[in-house]
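Here's a friendly walk through one protein model, for anyone meeting it for the first time. Have a look at it first, then read on.

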Amino acid sequence: MVVADSNSFNKETLIIRHPKKYPLKLWVAVVGLFMLSGIYIFSLCLKQRGFLVIPNQVKLRARKQSCHDPSTLHLEPQYLHYPEPTSYNRNECACTPVRFFAILSMQRSGSGWFETLLNSHVNISSNGEIFSVKERRSNISSITQTLDKIYNLDWHSSASKNECTAAVGLKWMLNQGVMQHHKSINEYFNKRGVFAMFLFRRNLLRRLVSILANTHDRNVKQLNGTHKAHVHSKDEADILAKYKPTIDITSLIPELKHVDKLGTDSLGYFKSSHHIILFYEDLVNNRTKLMDVLDFLKLPKQKLFSRHVKIHKKPLSDQIENWGSVYATLKGTQYESFLNADYQL
């Protein structure tokens, strides 16, 4: 029997190996991988709970909900909007649907008064005559960019209701790019589901008196050296009403025809839009007509009010310097009805 040498056994079988040392860079890479995996899994959990993780910033943001308002089921989807403003959060009103509208009118047709009535509603934001600034209407691209900002609730004015706005729009005069770009604007209205509200005056002679008087005050500035297109007191109204314009009778009928055609053409251009036609005289005579506007916008009914005070309340015979000539010019024409009283105050 051969006995193995114990020393030989120990040398051959009891070999102790030292732990392998890994480079420092490898350890850093492994730790980094674990950290990145943890952050990714954590971000997924946060998203499911309504949080959104953004590099260098963690924003608390409600997960997009499916907004359903039973009172709006009868409306087509293109008329219901849920804007996401860039400058603020709509918070609890995020699921309040917003209607888009535009008041299309002509100067001195009651649009300023009408807009203040709308803005007295708790859910309506009408942002004024935005396209009076020429740069905003210089081309259709500028126009649509401006409209997009308004309808995304990112246009800030004194009328903005912000979070709980349910209808947002503007006052837009027909000579501020509307007629020039009518085709593209009509396409925009139809695509975005804009409610178009046309506001006209039936009595174009009264409108002409208002225009001439407003032009006179812009030059003379009768109220302590300031020009006011609209006033909020009876005393101010009485001062402005003292001016009696002289109307050029040679251009009177052509001017009335031009304005009449402008209104007719605008209705033809936008006949495919979702629209309503309003007349200043009807709104003055019957304030319940305002409820028709709220019905049109599908908004809750409430009493509307304005601080505007009407300037020209007297019969036209007391407001036009050369009334006799004007009367003779329009008598027997299609505009003869303008000579008569058309509403009561």
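## Helix α11 and its buried side

Let's begin with helix α11, which spans residues 289–297 and has L290, V293, L294, F296 and L297 as its buried residues. Those residues sit on the same side of α11, because the arc they cover around the axis is only 155°. There's a simple rule behind this kind of pattern: with 3.6 residues to a turn, an α-helix points residues three or four places apart the same way.

What do the buried residues of α11 pack against? Their partners include two helices, α3 (111–119) and α10 (280–285). The strands β3 (99–105), β4 (124–126), β6 (194–200) and β7 (274–279) are on the list too. Right after α11 comes K298, and its phi is positive, near 60°.

## How far to trust the model

Keep in mind that this is a predicted model. Its pLDDT averages 85, and 79% of the residues score at least 70. Residues 1–20 are another story: pLDDT is below 50 there, and the stretch has one contact in the model beyond near neighbours in sequence.

Residues 48–65 also stay under 50 in pLDDT. For this stretch, the model has 18 contacts beyond four places in sequence.

## Rings that pair up

Now for the aromatic rings, which form 13 pairs in this structure. One of them is Y151 with Y188, a stacked pair with 6.5 Å from centre to centre and 25° between the planes. Y151 belongs to helix α4 (residues 140–151) and Y188 to helix α6 (residues 182–192), so the pair ties together parts that lie 37 residues apart in sequence. Are these two tyrosines buried or exposed? Both Y151 and Y188 are buried.

W172 and F189 make another pair, and this one is edge-to-face because the planes are at 65°, with the ring centres 6.4 Å apart. Here the link runs between strand β5 (residues 167–173), home of W172, and helix α6, home of F189, with the two positions 17 residues apart in sequence. W172 is buried, its relative accessible area being 0%. F189 is buried as well, at 1%.

## A cluster, and a charge over a ring

The W172 and F189 rings are also part of a wider group: ring pairs link them with F131, F198, F200, F270 and F279 into a cluster.

Which residue lies over the face of F279? That's R202, at 3.9 Å from the ring centre.

Notes: Residues numbered from 1 in each chain as written. Predicted model: local features only at pLDDT ≥ 70, side-chain atom pairs only at ≥ 80, totals over all residues. Heavy atoms only, no water. pLDDT = per-residue confidence, 0-100. Contact = heavy atoms within 4.5 Å. Buried < 20%, exposed > 50% of the residue type's maximum accessible area, 1.4 Å probe, protein only. Helix = DSSP H or I, 4+ residues; strand = E, 2+ residues; numbered from the N terminus. Arc of directions from axis to C-beta. Phe/Tyr/Trp six-rings, centres within 6.5 Å; stacked < 30°, edge-to-face > 60°. Lys NZ or Arg CZ within 6 Å of the ring centre and 35° of its normal.
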